[in-house]
Amino acid sequence: MTVGPASGAIRLPAIISDHAVLNRSEKVPIWGWADPGEEISVTLNDQCEKTVTHADGQWKVDFDLQEFHSGPFDLIVEGANRIVVKDIMIGEVWLASGQSNMEWTLGQSLEAKEEADLPPNPLIRQFTVTRKTAMEPAPDCKGEWIVAAPETVGAFSAVAYFFAKEISARRQAPVGLLHASWGGMNIERWISSNGFAKDQALKQRAQELREATLKSLVEVAAYQKTSSAWAVRFARSDLREGQPAEFAAPDVSTEDWKPVQLPGELARAGLPEAGAIWLRRTIHYPKVLTGTQFNIGHPEGFVEAYWNGKRVGQTSQENLPAPVVSFFISEDSIQVGENTLAIRLFQPARGAAILKPSGNTFNLDYGAKPLDGEWFAKVERALPPLSAEAQASCPPVPIPVRPLAVPSGMFHAMIHPLIPYSVRGVLWYQGEANVERAAQYETALKLLIQDWREGWQQPDIPFLICQLANHGKKPATPGESKWAELRDSQLKALSLPNTGLAVLIDVGEAADIHPRSKKVVGHRLALAAQALAYGEKVNFSGPIYSSMRIEGDSVRVHFDHLGGGLVAQPLPAIFKPRSNQPETLPLDPPSPKSSLQGFTICGKDRKWVWADAEVDGDTVIVRSPEITAPIAVRYAWGDNPTCNLYNKAGLPACPFRSDDFPVTSRDAVY
């Protein structure tokens, strides 16, 4: 993008920049900012639109691009200065959002090498919104468009890339991806403040959290000011003695270090109550599978964490600790064998300690493995006991409410700046962070869909949902599952018009929340897009439960989306807990004599048993010798169920339950 030499104030949002893809639509906004009253001219190919900047400094024009060829074009914006945006393409624009499985890059996926070996594809482009949160709607964001090429494609969202590749080939058109996702974030952070209005409980809770955050920000600012002055006055500032490598490097000898039991107060081991104290221990990895989160419990003081001598995170007076301090170690930073975790704890007042948080949640651990027990400690600098005056005036450390956790925070910073950029539809892959509140997710997801549609002023914009993949241990007995409950909430979102569901119950991994292969995910989303966004007659869904009828000791189950007929797909004898690792486990079918796996049945006592099931025409007959008077049926109801009902189009049946029994997450609310 080039800007002329004039000193005018015309500015475009980050999303309208070199290599952008504009949606082939009858109303495509181009907008920006300039001095009030400034005349603006925008030219694309031979079409020119003019406007005058409003009093608030904003301007906008609309283009009709239905008859435009794909390009490339230059977009020229002129007023007091001149901006030329180069290499603009006209095609299909999709917003891809969610958490880590949407964020997961092509470079991290099993298909990375084969895609990187392909020649550049200028028809596929991605704009990645820089991760940020905000208390109020932001007018703009940071990010840039990248064109798919061997050196860039690894940074694409893998799910979105495979979707775009298929749509581009099918439509013979450019595809632009607006990628705005953030791993580990719950859905409430993606709903606008106005979006909560339709549900009183969520609206009230969101307002409470927002007010608590604003109050916390004031308290933190006050603490930072008073604590700095207090530390200077009483000589309690963090003055370092020595370099971190002297304490944190892997080859440092601990012969002169003191053993200490953690969690606990360090004074019990004869260590100072205040000052800078180093803690370290060795962590052994027999093999490396994925990255690891380690939790430092609740430190009384400020910490710096070092992994194999490299600093991986810190808290301070400027970056106050949360109730539980956690850091993440990436897969490529972990060594097979010995690894060193070192923590520098600085306590300016007294009571240096690593404690258990209230509720014993996220104790001292790594990857859910305990780090309780013996550590080694060494004093870098000891501070003398506090004087009575210093003790009386010592400001208490507030526990901040992180803006990151504020409802609407991601919407404000990462979605709002994209509106009103014209999009064809939305791809949504999120839910893992909401599993504990699975039942309430139905409400939240519907709110988000309606909220985004209202924001874009497109009430029927296609909204395509990735249902949670299978994950965790194979269930030995049928029972309850919050993962299944959340999938059920995602299924219920189909009650809204023009929504689609990519069922992923067969692509997940037992030992990894991130399925390493994303190609099939993109393919199933593309099928839904072909049907819902482009009106093509394709089989885009696997069988979806429609009704059941009790026939004596059996239940006959009916489905929509038969896709040419129901089939029991053969199951392998083994499966891989992780698709990128060689080890395998036997796949033991829960109903060995049944052609269909994954069905359960219950009587009036509501005790579920594995069922025998078979395809009978366009229905499935379900029964069990243990149940003579069945009342309900479930299918694939578990974290990681073994199931094999498909249609002849090759698409898996959606997990379902015929009952309306209370679920385990019914009382869990935001």
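This report looks at cysteines, a pocket and a sheet in a predicted model.

Residues are numbered from 1 along each chain as its sequence is written. Local features need pLDDT of at least 70, side-chain atom pairs count only at pLDDT 80 or more, totals for chains, interfaces and linings use all residues, and side-chain values use heavy atoms, with hydrogens and water left out.

**Cysteines**

Let's start with sulfur. A disulfide is a covalent bond between the sulfur atoms of two cysteines; here it is a pair of cysteine sulfur atoms within 2.5 Å. Searching the whole structure turns up 0 disulfides. Below are two of the cysteines; buried means under 20% relative accessible area (1.4 Å probe, protein chains only).

| Cysteine | Nearest cysteine sulfur | Relative accessibility |
|---|---|---|
| Cys-466 | Cys-654, 13 Å | 0%, buried |
| Cys-654 | Cys-643, 10 Å | 2%, buried |

Why is Cys-654 not bonded to Cys-643? Because their sulfurs are 10 Å apart, too far for a bond.

**Pocket**

A pocket is an open set of points on a 1 Å grid over the protein atoms alone, where a 1.4 Å probe fits, with protein on both sides within 12 Å along at least five of seven lines; lining residues have an atom within 4 Å of a point. The second largest one holds about 700 Å³ of space. Its lining has 28 residues, with Trp-456 and Pro-29 among those nearest the centre.

**Sheet**

Four strands (DSSP E runs of at least two residues) make an open antiparallel sheet, ordered β28-β29-β36-β35. Strands pair if DSSP finds at least two bridges between them; β29 and β36 share 5 bridges, and Val-555 has Val-622 in β36 as its bridge partner.

How values were computed:
Buried means under 20% relative accessible area, exposed over 50%, partly exposed in between (1.4 Å probe, protein chains only). Grid points are joined across faces, edges and corners, and a volume is the space filled by probe spheres set on the points.
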